[in-house]
Structure formats: structure tokens, C-alpha cells
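Good morning, everyone, and thank you for making room for me on the agenda. Please have the viewer open while I talk, and follow along as I go.

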Amino acid sequence: MGVEGIGRGFFLRVLLVGVLGLLVAGCAGAGESGEGEPVRIGVILPYSGVYAQLGEDITDAMELYFEREGNEIAGRPVELITEDTEADPQVGVQAARTLIEREQVDVLAGAVSTAVAYGVIDITRRDNIPFVIANATGNDATRQGARNVFRVSASSWQVSYPMGEYLVEQGVDEIFLSSADYAAGQEMSSGFREGFLEAGGTIVGEVHPPLETSDYSSYLTRIRQADPPGVFSFYAGSDAVRFVQQYREFGIEAQLYGPGYIVDEDTLPAQGEAAIGVRTILHYSPDLDNPENQEFKAAYEEAYDRDPTVYAVQGWDAAWLIGEAIKATDGNTEDRDALIEAMENVEFRSPRGPMELDENHNPIQNIYVREVRQLDDGTIDNVMIDTIERVQDPGE
Amino acid sequence: MISFEALLTHLLNGLAYGLLLFLLAAGLSLIFGMMDVINLSHGSFFMIGGFIGIGLVGVLESFWLALLATVLIVALLGLVVEVALLRPLYYRSHLDQILLTFGLALILEDGAEWIWGTRIQSLRVPEALTGSVEIFGAVVPVYRLAVLAAGVLLGAALWYVLERTRLGSIIRAGVADREMTAALGFNIPVIFAGVFVFGVALAAFAGFMAAPILGVYPGLDFQVLILALIIVVIGGLGSLTGAFWVSLLIGVTQSFGQAYFPAAAAFILYLIMAAVLLLRPEGLFKRRYA
């Protein structure tokens, strides 16, 4: 027994040293990046679980951008290295670590959930690795002054606050507030509340069900009893489908409002007619008439045989931001400060219309008011009915 | 300021949700109670029932035909599983059965994701069951009433078959003493296969009926499994009567809890479970056989 123990211990030690040697050799090899070496872009997105479709949309649009550039930026081939975050913060942070330490990526992009984004900010900030948030809306992601962090989606504030003002302007001054009881839901609710109260509106009631509620009947009964003229809600994914469907099932007549995620291109097929009439705000609308959007939609549909979503637009802009910045530095990704500065100066040509980054690297962009309608060809989709121009996150 | 209408609304919606819970737990309870097998792939059959149902409603253009076809197809799948995988394990420990059915659940979830994708899908309710009705001022969606009726009918039918018919007594005898019942000339493998297939068919039926309310997506399988396990545990392991009353209890408590103590909404269910396990570790209703 004892002899065997010594033997195994020795063997293990030899094995460990061997593995260590390989790792060191691998690192040295990856360290010598320069002209002609591939640009390595790490992508952390959910490819399994409820948000897998979002991950796929963002990735597809990123690939579309690089394909149109001939998979080469400033003479360097482009390599996208994807890792599945499963929308679990711990898995997400682990995935980012793998990409930074083992894959030695030059840039990180992705993060669908805010929790993942916060975790990744913590680990990229220290090494000053550029991190492009392609979806997460958590306000603080761009409010804590991390120079390496960029966002091409929107802050929660941007897709909630403006609707408060807008509704009061439209003569809706009483609202019932209902959102899923978690970080994003609370941020959206408080953003809306702030804008609505400042504009002179009154919140007549609030109810915040837990995430993944399967039966909303008690909550809907309370909304029904309050009998408000309008309801502002934030739910996403399967919650959005259930909430909107059950809302109709209970025959509630109050106009339903919210951030665009409650009647997203992703949930609309399942919501169907129940979604008709819902009014939302978002930084994109599929029917936008600018040439960039028309071109993007055509290219995306041709490549993937489906309509682009807001997530795809974010993926395109994330790739654009990275690609154009590397062009500006003539392919130098080693000097991270220079790369970050180049990213700050990138001019966007986004399908969402005018877009520029504020000093916190969060987009200043138009927010579109959309209504779900049945189109002439029978499909159900968001139609733009109004534009709130140049919305900028307050930054604190 | 609690009105009679509000109380009645919460009560009716709670009962409807409770019976939906009973539908989704009945198959699990039945298989456990009758066969002493913990079927952790129960939620998977539930989810697959929903997916197949949505596909078939599109093809057959009839809600009821699609319901029938879905139940038959998933039952067939259940038969294959019973004969090929489960049968050799009847005389082995619970742990072996749990490993097998849990593995099967993981495979079925991946398979479902592969076939149907990760997007949530939903089932359109037939025209006659849309909208809501007012009962003494309480507003209840028509489809919920249909689910309520289905749950009551199913509960009554199961009770009648198991307690009052010859078939029921043979099954109960088979559970109590396999060898003796076989010696009396009854074909135990056929009876067990029948019970398992019926339990799986119940899961598919529930998955189909719940699809318009819950939607269907990969991940629903394990949510449902956990709910069903909780009901079976609180109800008393394997007691169908227990599952019935506990489903109603949970449905109604949840409905009132969410309405009047929304802060507690997320853990009401677990509160009930903890209380029952502390006060009556064997569950509210004791299993009468086995």
C-alpha cells in the first residue's frame, strides 16, 4: 500500500510538471501575435438554455460582418472563439477567464445577461482587455467608469425612462406597474417610474411576480381590479410569452406598454395574436427605413434565411466596433490603450439609425415607439409609430 | 377592502391552477404508487407532449384530434422505454431506476432542443375555449375552466378504476405481492407495462393541456418534474388521492398568497412542503398499498 502510494505520488508529480510545461510552451507561442497573426475575438454568449436563440442571433450577425470584410481586418485573419455562458454568471465568468488566459483573445464581446456582464467587467478591467457588451442592459455596466467596457445595446434606463415622459405627453397619466422581480425588472421599473413621475404621471398600483412564474392569474386579477388605463411591464423570454398570453386570456382591456423585450421578435411567434396592440420602446424597429437597415436585413436574410432581431443588430454593431477600431490601429491589438482609443472614435453605420458612444461608452441613440400589428401579409410584427431622438443615459 | 368577487376569482383561479398541477403530477404519482418506480423522465414526456401537440394541431387543424394523436404517440414512446430500458430494472434498487430515468430525461431534453429548437412555443386554444366568463362577478378564462373540468374528471375516473374495478384490484394486488399475483395467473409484465404506458400518456395529456397556459420549451421538463415531485412528496409518496388534494391545496394557497402576500410568492410552495415534512414526514396521505 505504502510503496504503491509513493509510486502514484511520483507519477502524478511527473504528470503535473509535464502538463505545466505544455501550458507554458502554449502561452509563449500565443504571445507572439503581430502582423499576419489572426485577430482573436472571444465571444461569450448563451448557446444553450432559454437564451440560446439570442446568442445565435448575435453570433450570426458578427460572422456576417467579418465575412463581408473577407474574414480579414487590416491584413490579419479574424478568428471568433465562442464560449457558452448558459446565462449562468458563474459559467459566464469561467468562460471569459478561459478565453483570456488560455485563448489569449485580443477582445471580448457578448454577455446576454447583466450578471455575466458584471462578472466579466471585473476580470477584464484589471488587464484592460476591451469588452464589448452586446446585450446586457444593467445600468451600472457603463456607469462605473471602466475604460475598457463598451456597450452596443442600451442601458435599462434608456429603454424605460423615455416611455414615462412619452406616455404623459400622449395623455396617459395613470399607469399600473408590473415587472418580473429581479435585477433587470427592477431597473426597468424604476427607470419608468422616474420618468413617469417627473412628467406628472401617477402610479396607481404595482405588482412584481417572481421570475419564472407559471400562473399570473392572481396578479392579473389585481390589475383588473385596479382598472388602470395602462399597464407598464417588463418580462423577457418565456415569462413574456406567459404574461402577455394570460393578460389577454383574462380579457384585461388596459393598454399594455413596456420595453421592447416583452414583444420581441423572439417571443412574437409564440404570443401570436395576444401581442397585437402592445406598445413598446426599443433602440431598434425592424421596419426602419434607413439604407443601413435595408442593406443589413437583406444580407442577414440571405445568409441565414430569417429576419434579423434587435440582438442581431447588436451583434453587427459589436463586430463593427471591433473591426473598424482594428482597422484604425492598422491591425495593432497589442497596445490596448490605443485600441480602446480607436474604439472610442469609431463611427457607426448601424441599422438602428444614428448611434454614437457617450463618454461612458454607452450609445446615444434614437428610441423607437413601436406597436405590434398584423401586417398585410398576415405576419405579426412591430411597427414603428414614433421616434424619441438622441436618448443618452444620465451616467449616474 | 377585499371584495367577494376578488375572493371568488382567486378561489376559482387557484382551483384551476391546482387541477393543472394535479394533471401534471398524476402520471408520476400513479407510476410511483403502482409500480414503485420513480420516473424522473416524467417532465420530459410532459414537454414532448406539448411539442408534438403544437406540431399536430398545425397539421391536423383540430385541437381534439391532435390531443388524441399526441397522447397515443407519446404512449407508444413510453411503451418502448418500458420494454427496452425499464423492465430489466424492476428488481433493482431505486437508485438504478433514478439513474436510468434521469439519464433518459437529459437525453430527451437535448433531443427536444435538437428537433424543436430552444425558442418557446405556444399552443392556440380552439375558438370555443377562448376569452373569459364571469361567474358571480369573478372573471375566469374559459380555458382554465376546461382544465378544471379535465382535472376533476380524470381524478374521478382514476379513483373509480383503481378502487372499484377488477382491473384496479389486480393492479393493487400486483403491487402488494408480485410473485403471488403472478402465481394466481395474472400476467404481471403486461400489467406493469400498461401502468407505465398509462402514466406516460397522462404526462403527455397534461403537457398538451398545459401548453396554452405555460408554453413549451426545453427546460420546462425539469420545472415540471420538480413541481410534480413536490406534490407527490407532500401528498404522501405514491398516493393518488394525496396528490389530488395537495394539488388543490397548493393551487389555492398560491393564488391567495400571490394576491395578498406577493413578497412571499416565490417560496409559498416550499413553505408548504417544509411544514408538511416537519409535521407529517410521511406526507398528508399515506400510501395504502405496497
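I will go through chain A, then chain B, and finish with the contact between the two. Please keep in mind throughout that this is a predicted model.

Let me begin with the sheet in chain A, which is open, has 6 strands in the order β2-β3-β1-β4-β5-β6, and shows mixed pairing. Its edge strands are β2, residues 72-73, and β6, residues 149-151, each of which pairs on one side only. As background for those new to this, strands of a sheet pair through backbone hydrogen bonds, and they may do so in a parallel or an antiparallel way. Here, strand β1 of chain A, residues 39-45, and strand β4 of chain A, residues 107-110, pair in the parallel sense over 4 bridges, and if you would like one pair to look for, A:I41 has A:V107 in β4(A) as its bridge partner.

Across β1, β4, β5 and β6 of chain A lies helix α4, residues 114-127, which runs at about 165° to β5(A). Further along is helix α5 of chain A, residues 161-169, where the buried residues are A:Y161, A:M163, A:G164, A:Y166 and A:L167. Just after α5(A) comes A:G171, whose phi is positive, at about 90°.

Now to a single residue: is A:S350 buried or exposed? It sits in the loop of chain A between α12, residues 336-344, and β12, residues 355-357. A:S350 counts as buried because it has 24 C-beta neighbours inside 10 Å, and the cut-off for that label is 20 or more. Leaving aside residues up to four places away in sequence, A:S350 touches A:E292, A:V313, A:D317 and A:M355. A:D317 is 33 residues from A:S350 in sequence, yet the two C-alpha atoms are 6.3 Å apart in space.

Turning to chain B, I would like to compare two helix pairs. Helix α2, residues 42-60, and helix α8, residues 188-214, pack with their axes 7 Å apart at an angle of about 50°, which makes α2(B) oblique to α8(B). The crossing of α2(B) past α8(B) is right-handed. Among the residues that make this contact are B:F45 and B:G49 of α2(B), and B:A203 and B:G207 of α8(B). By class, the contact of α2(B) with α8(B) has 13 nonpolar residues, 5 polar and no charged.

In the second pair, the axes of helix α5 of chain B, residues 142-164, and helix α6 of chain B, residues 166-176, come within 5 Å and cross at roughly 70°, so α5(B) and α6(B) are roughly perpendicular to each other. There, B:V161, B:L162, B:E163 and B:R164 of α5(B) meet B:L167, B:G168 and B:I171 of α6(B), and these divide into 4 nonpolar, 1 polar and 2 charged residues.

Chain B also has a hairpin, formed by β1(B) and β2(B) with 2 residues between them, and B:F136 in the turn has a positive phi of about 45°. The strands β1(B), residues 132-135, and β2(B) run antiparallel and are joined by 4 bridges, with B:V133 standing opposite B:V140 in β2(B).

Finally, how many residues does each chain give to the contact between them? Chain B gives 26 and chain A gives 29. On the side of chain B, α1 (4-35), β2 (138-141) and α10 (240-260) each supply at least two residues, and α1(B) gives the largest share, 5 residues.

Note on methods: Residues numbered from 1 in each chain as written. Chains lettered and ligands numbered in written order. Predicted model: local features only at pLDDT ≥ 70, side-chain atom pairs only at ≥ 80, totals over all residues. Buried ≥ 20, exposed ≤ 12 C-beta atoms within 10 Å, placed from the backbone. Contact = placed C-beta atoms within 7 Å. Pairing = 2+ DSSP bridges. Axes fitted to C-alpha atoms, helices over the stretch in contact; angles between N-to-C directions. Parallel < 35°, antiparallel > 145°, perpendicular 65-115°, else oblique. Nonpolar A, V, L, I, M, F, W, Y, C, P; charged D, E, K, R; others polar. Left-handed = near helix turned anticlockwise from the far one by under 90°.
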